[in-house]
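This briefing sets out selected computed features of one protein model. The sequence and structure are shown first, and the points that follow are grouped by topic.

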Amino acid sequence: MAKKEDFVQAIKDGYTFKGENVKIGAAVLDGEVIADAGIFLPLKTMNRHGLIAGATGTGKTKTLQMISEFLSDASVPVLLMDIKGDLSGIAAAGSVNDKVTDRYQKLDMEYKPEQFTAELMTLSDQKGVRLKATVSEFGPVLLTKILGLNDTQGGVVAMIFKYCDDTKLPLLELKDFIKVLQYIGNEGKQEIEKSYGKISTTSTGTILRKVIELQQQGADIFFGEKSFEVDDLMRIDDKGRGMISLLRVADLQNRPKLFSTFMLQMLAELYATCPEEGDLDKPKLVLFIDEAHLVFQEASEALVQQIETIVKLIRSKGIGIFFCTQNPMDVPASVLAQLGLKIQHALRAFTAADRKVIKQTAENYPETTFYKTDDLITQLGIGEALVTMLNERGIPTPLVHVMLCSPRSRMDILTDAEIDSIVSHSKLAAKYNEVIDSPSAYEILTAKLQEAAEKTQQAADEKKSGKEEESTFEKVANNSIVKSMVRTAGNTIVRSLLGALGMGGRSSKKTTNWF
């Protein structure tokens, strides 16, 4: 009994906050849900980032859905990366069933189905608001890191951007960048070398191959106009709730390069445009990246460093980032160290390697006398997790086994008709889905090269035409029949002249001998 009292007191001391907070569940000890030991989430620390991890089917996606709902209630806008396609139901009210009723009875809470205002977005041809960005907005440094180029190749990319700025060549789509790259290696080589120095064909060839690799993952759809304005992610609906922007990227699971490209650009744009905010009572925006291993799957060391830098610095802008993945080890240690809130769902130990990962994971959490962490991680039920976070003073809270609240919105996908209805009423869809094809580097250089080719052809035609007018007699004289006739006539004239002079050669008369 004393153990339970000590436990309840420890939880109350660790999870009582002065500022605005939301209840996400209740503590569990020895299999018993203790409703009095509520687990609260302080909004003030939601810009300290977080991790939601767990094996498939343990409820981690529904956990991020539930936290997103509480943030929306608190007027905090949310951006959800829907990789598996099962988060769209947040735009529809949930339904009561026996499992939900039983869970909320244990938590001593009331379940109220709610529908949340959501904006459906896409990076591809799916239904929703099209998110795009121009090549110029990426800039040479970010593009170099995304393509995984070395310093020399990065210098060429920087030179291309400088050349396009100097010559007023807009870089909007990837085809613009490719066209400039081809131009400086061929027709414009002398022009470039004169102003910017020599460029290795090996470097331009490598860069071109890297860009084509990005194109093969569908990047052409993402690059272009109209550029998405990140301010549109930070909206409040008519009811005072934070808008939930749902980015549907289920078709990008086999294209991790494109997904990580978008994520890095989005974070860089948010960091560049949002002002410094310091310590806010609640964040301006929270991003949840489901299946976060896709961000790091094909990321180079330079790209990981860039993400780590942005994660470190963007918290001062009032923006929080939460990574949701199956295994905590999917997130690089340098990034993992920056995450204040950790919600660990169950892990499965099928192999020796799994047990090693579980032991390592347990060592990353605060020590506790109430649980044997490495054993408990494998025994957690669906919708249960080990939780620790930073309190308002930046101190980690006690590690606690929590039965989490379930989402109040639908825990399933929307129908096609529901999706069509949301998109048709979206102001952002009307704003961003208009097809725009402004004159850019590709069109300008193509026209320039075509004009040069036409001038060259015209000059050649004029030269050829002039030669024909001057050599009409030569053309006649060069005819084989004419040549033969001239030759015959000439021989006849020469023989006649020689005969008249007595130099015609032997006489045709024979001397007669009478004897």
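Which residues of strand 12 lie on one side, which lie on the other, and are they buried or exposed? Val400, Val402 and Leu404 are on one side of strand 12, His401 and Met403 are on the other, and all of them are buried. The model is a predicted one, and its secondary structure amounts to 20 helices and 12 strands.

**Overall composition**

- The protein has 515 residues, of which 47% are buried.
- Among contacts with a separation of 6 or more, 76% are between residues 24 or more positions apart.
- The exposed area of the protein is about 25900 Å², and carbon and sulfur atoms supply 51% of that area.

**Strand 12 and its partners**

- Strand 12 spans residues 400-404, and 5 of its 5 residues are buried, so the strand is largely enclosed by the rest of the structure.
- In a regular strand, side chains alternate between the two faces of the sheet. In strand 12, both faces are covered.
- Strand 1 (residues 21-29) pairs with strand 12 in the antiparallel sense, over 4 bridges. Within this pairing, Gly25 has Leu404 of strand 12 as its bridge partner.
- Strand 11 (residues 384-388) also runs antiparallel to strand 12, and 4 bridges join the two. Here Ala385 stands opposite Val402 of strand 12.

**Helix 16**

- Helix 16 covers residues 416-424, and its buried residues are Ile419, Ile422 and Val423. These residues lie on the same side of helix 16, because they cover an arc of only 95 degrees around the axis.
- Ala417 and Ser424, on the other side of helix 16, are exposed.
- The cover over the buried residues of helix 16 includes strand 5 (118-122), strand 7 (244-248) and helix 17 (427-432).

**Ile207 in helix 8**

- Ile207 belongs to helix 8, which comprises residues 201-216.
- With a relative accessibility of 0%, Ile207 counts as buried.
- Apart from neighbours within four places in sequence, Ile207 is in contact with Leu149, Gln153, Val156, Val157, Phe177 and Leu181.
- One of these residues, Leu149, is 58 residues from Ile207 in sequence, and the two C-alpha atoms are 7.4 Å apart.

**Salt bridges**

- Side chains of opposite charge can pair when their charged atoms come close. Across the whole structure, a search finds 20 salt bridges.
- Lys106 and Asp102 form a salt bridge in which the closest N and O atoms are 3.5 Å apart. Both residues are in helix 3 (residues 98-107), and because they are 4 residues apart there, about one helical turn separates them.
- Lys106 is partly exposed at 40% relative accessible area, and Asp102 is likewise partly exposed at 37% relative accessibility.
- Lys317 and Glu276 are joined by a salt bridge between their side chains, with an N to O distance of 3.7 Å. Lys317 is in the loop between helix 12 (301-314) and strand 9 (319-325), and Glu276 is in the loop between helix 10 (256-273) and strand 8 (285-290), so the pair ties together parts that are 41 residues apart in sequence.
- Lys317 has 8% relative accessibility and therefore counts as buried, the cut-off being under 20%.
- Glu418 and Arg410 make a salt bridge, and their closest N and O atoms are 2.9 Å apart. Glu418 counts as partly exposed at 26% relative accessibility, as does Arg410 at 23%.
- A network of salt bridges links Glu69, Asp73, Glu114, Arg241 and Arg408.

**Cysteines**

- How many disulfides does the structure hold? The number of disulfides is 0.
- Cys274 counts as buried, with 4% relative accessibility.
- Cys405 is also buried, at a relative accessible area of 5%.

Notes: Residues numbered from 1 in each chain as written. Predicted model: local features only at pLDDT ≥ 70, side-chain atom pairs only at ≥ 80, totals over all residues. Heavy atoms only, no water. Disulfide = S-S within 2.5 Å. Buried < 20%, exposed > 50% of the residue type's maximum accessible area, 1.4 Å probe, protein only. Contact = heavy atoms within 4.5 Å. Arc of directions from axis to C-beta. Areas by Shrake-Rupley, 256 points an atom, 1.4 Å probe, with all protein chains shown as cover. Pairing = 2+ DSSP bridges. Salt bridge = Lys/Arg side-chain N within 4 Å of Asp/Glu carboxyl O.
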